[in-house]
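Colleague: I am new to this structure and would love a close look at one part of it. Could you pick out a sheet and walk me through how its strands are arranged, after a few words on the whole chain?

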Amino acid sequence: MIDRDTYPLWNSPSMGAYLTTLSSENMLVEGRGVRVRDAAGRWFLDARSGLWNVTLGYDHPAVTEAVERQLHTLPFANLVGYGRPGAIAVEAAEALLPHLPVHMNKIRYCSNGSQAVETAMLLSRFLHHSGGDRERLAVFGMWRGYHGLGSGAGAVTGMSYVHDQSGPLLPQVHHVAGPFEGAAAPGDGLEQTITDYGPERVAAVVLELVVGEGGHVLSDAYLHSLERFCRGHGIHLIVDEVSTGMGRTGAFTRTEQVGIRPDILTLGKGLSAGYAPLSAVVLSDEVSARLFDLDFEQKFLVGSTNDGHPLALAASMAVIETLADGGVLDNVESMGALLQEGLLEVAARHPQVAAVRGTGLMQAVEIAVGEDGATAGGAVADHLRLALEERGVLVSSLAMVPAIMIIPPLVVTASDVEEIVTTLDKALADIRY
């Protein structure tokens with residue numbers, strides 16, 4: 001147990017409870033490949049990729065060398081203004097764009113995923129507003145969708161506890177149940193709700209293509225229907241690929257895999273493989289043309305000091321080069337299939353597993369609620385996470401859905417996958433209602 005009076009950090013939503021379980025020995029001090037070591041000397045297979053972002057492992061030579069070179073060349077430049085961005089920002093954007101959907105052509109670098117989502121939402125409102133369409137303020141998201149924290153990203157995140165914890169967040173943000181919660185037809189729940197609300201009052205729809213809070217994979221039919229609906233009503237479709245982009249589902253973007261055309265795309269996490277904070281807002285041809293054609297007086301003020309930090313951009317260029325040869329993406333496809341197959345086999349042996357779902361190396365294992373309805377599946381899922389950790393495998397548990405998320409680095413091997421699956425099998429045997 002840590003003494004609360006001497007511990008210098010505030011790094012948990014429940015510090016009092018957190019410090020009763022924390023010790024100096026379980027703090028992480030080293031990372032190699034897909035594993036991390038704590039201060040007590042124990043190594044763990046990191047099947048959650050840090051916070052889903054350490055996509056190439058902890059000591060990828062191309063990434064570390066790129067960051068080191070940049071550190072000795074130009075350790076800082078900014079994108080806020082004054083007309084002198086770092087040249088590396090242009091180079092990084094030119095390297096990334098060929099791997100994104102062909103209709104997307106401009107990139108704004110930010111510092112984190114929440115900021116990228118907020119920027120996208122505010123840009124949508126700004127473009128409608130600057131065009132005289134001042135009634136278009138509403139933004140629609142999906143319950144269980146996760147888009148970050150803060151006044152803007154937290155507002156569109158579909159989790160009630162985020163909305164309640166601090167009072168009002170960004171106004172005129174609404175949520176609708178996803179198709180995995182019983183919508184009658186593709187797009188019906190969201191499309192019908194917006195139709196009833198008044199599409200002429202809606203600026204944007206924000207959604208993940210794989211819902212991070214539970215691993216629900218939105219179908220191609222649902223997404224294409226929603227895209228047609230948004231385009232027909234002049235609503236910006238903002239696709240949040242902070243978690244799924246940069247290889248997580250076996251491609252640079254899930255967007256390209258399903259074949260939709262968002263107006264705005266956000267990237268993060270794997271964009272720099274977690275080696276430095278970085279995210280991006282990517283604009284379609286139509287949106288960038290609208291933005292670039294505005295009068296000088298119609299300014300959209302956005303940005304912060306560390307946006308497009310050169311060290312993060314250097315890491316990003318190394319990540320892009322690594323993914324571009326196809327080997328890592330092929331590995332995601334094969335290891336993702338192997339992982340899901342193993343998880344399904346384990347689930348068949350353990351009745352407390354309600355579902356296995358996901359795509360690529362983004363898999364969810366959902367825990368059933370007790371038969372009497374009295375046992376919280378969420379508590380069991382957290383116990384399962386701890387049981388896995390005790391056996392040397394780190395995974396994520398979720399805030400609202402009774403599930404663990406297994407999201408290992410994209411460079412995992414078949415033996416790593418076997419270790420994850422075998423450890424889960426043993427941990428589940430110890431979890432009883």
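Modeller: Happily! Let us begin with the overall form. For 433 residues, a compact globule would have a radius of gyration near 22 Å, and the protein chain has 22 Å, so the two agree. Please keep in mind that this is a predicted model. Along the principal axes, the C-alpha atoms of the protein chain fill a box of roughly 65 × 55 × 50 Å. Of the 433 residues, 53% are buried. Among contacts with a separation of 6 or more, 70% are between residues 24 or more positions apart. The protein chain holds 15 helices and 17 strands.

Now to the sheet. Four of the strands form an open sheet, and reading across it the order is β1-β2-β3-β15, with mixed pairing. At its edges lie β1 (28-32) and β15 (393-394), each of which pairs on one side only. As background, strands of a sheet pair through backbone hydrogen bonds, and they can do this in a parallel or an antiparallel way.

Let us look closer at one pair inside this sheet. Strand β2 covers residues 35-38 and strand β3 covers residues 43-46; the two run antiparallel and are joined by three bridges. To find one of the pairings in the view, start at R35: its bridge partner in β3 is L45. From there you can follow the sheet outward to the edge strands, β1 and β15.

Conventions:
Residues numbered from 1 in each chain as written. Predicted model: local features only at pLDDT ≥ 70, side-chain atom pairs only at ≥ 80, totals over all residues. Heavy atoms only, no water. Rg over C-alpha atoms; globule rule 2.2 N^0.38 Å. Buried < 20%, exposed > 50% of the residue type's maximum accessible area, 1.4 Å probe, protein only. Contact = heavy atoms within 4.5 Å. Pairing = 2+ DSSP bridges.
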